[in-house]
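Here are some notes on the fold, written to be read alongside the coordinates. They begin with one strand and work outward to the sheet, the helices and a loop residue.

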Amino acid sequence: MMQKAEKGTILYVEDNSDNRNLIRRVLNADGYSVVEASNAGQAIEKLEDNHVDLILMDINMPDMDGYTLTSKIKAIQKFSKIPIVAVTANVMRGDREKSLDAGCDGYIQKPIDIDTLSQQIERFIIRSTNV
């Protein structure tokens, strides 16, 4: 059963099911509805079928990396305004820029700090509604 999202719907694109479960539980507890995709094809499909307020994008995925998928989503007119936040363990110099260059609106480091995740997401959603 899908609960009504008071704060919004998040599409979490992540190939690791443990990560998806953890983030879904944290976000559900904070009033978000979470739609999950484990690969690029699923992500596009879920975007077509759901109203999504924000996308959490894992960068290191097997079939298509998050940078490529972000560019692809941003190129689709009806999805181009949805904020996309990169979620990655890549924290080398230049990785943040690389995700922003690909079209990501922000960047969250793995391991994800579940205590601040909701506030981080809220900032991105609020910012996008004020555009």
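**Notes on strand S2 and its surroundings**

1. Strand S2 has both faces covered: Tyr32, Val34 and Glu36 on one side are buried, and so are Ser33, Val35 and Ala37 on the other. The model is a predicted one. In a regular strand, side chains point alternately to the two faces of the sheet. Taken as a whole, S2 spans residues 32–37 and is mostly covered, with six of its six residues buried.

2. Which strand is joined to S2, and by how many bridges? Strand S1, residues 8–13, runs parallel to S2 and is joined to it by six bridges. One position can be checked directly in the viewer: Ile10 has Val34 in S2 as its bridge partner.

3. The connection between these two strands passes through helix H1, residues 17–29; S1, H1 and S2 form a β-α-β unit that is right-handed.

4. The sheet is open and has five strands, paired in parallel and ordered S2-S1-S3-S4-S5. S2 and strand S5 (106–109) are the edge strands; each has a single partner strand, so one side of each lacks a neighbour in the sheet. From one strand to the next, the twist averages 25 degrees.

5. At the S5 edge, strand S4 (residues 84–88) is parallel to S5 and is connected to it by four bridges. Within this pair, Ala86 is opposite Tyr107 in S5.

6. Two helices that pack on the sheet can be described through the strands they touch. H1 is in contact with S1, S2 and strand S3 (54–58), and its direction makes about 165 degrees with that of S2. Helix H3, residues 66–74, also packs on the sheet; H3 touches S1, S3 and S4, and its direction makes about 155 degrees with that of S3.

7. Is Asp30 buried, partly exposed or exposed? Asp30 lies in the loop between H1 and S2. Its relative accessibility is 30%; buried would require under 20% and exposed over 50%, so Asp30 counts as partly exposed.

8. Which residues does Asp30 touch, leaving aside those up to four places away in sequence? They are Lys7 and Ser118. Asp30 and Ser118 are 88 residues apart along the chain, yet their C-alpha atoms are separated by 6.9 Å.

Key: Residues numbered from 1 in each chain as written. Predicted model: local features only at pLDDT ≥ 70, side-chain atom pairs only at ≥ 80, totals over all residues. Heavy atoms only, no water. Buried < 20%, exposed > 50% of the residue type's maximum accessible area, 1.4 Å probe, protein only. Pairing = 2+ DSSP bridges. Right-handed = clockwise from strand over helix to strand, strands pointing away. Axes fitted to C-alpha atoms, helices over the stretch in contact; angles between N-to-C directions. Contact = heavy atoms within 4.5 Å.
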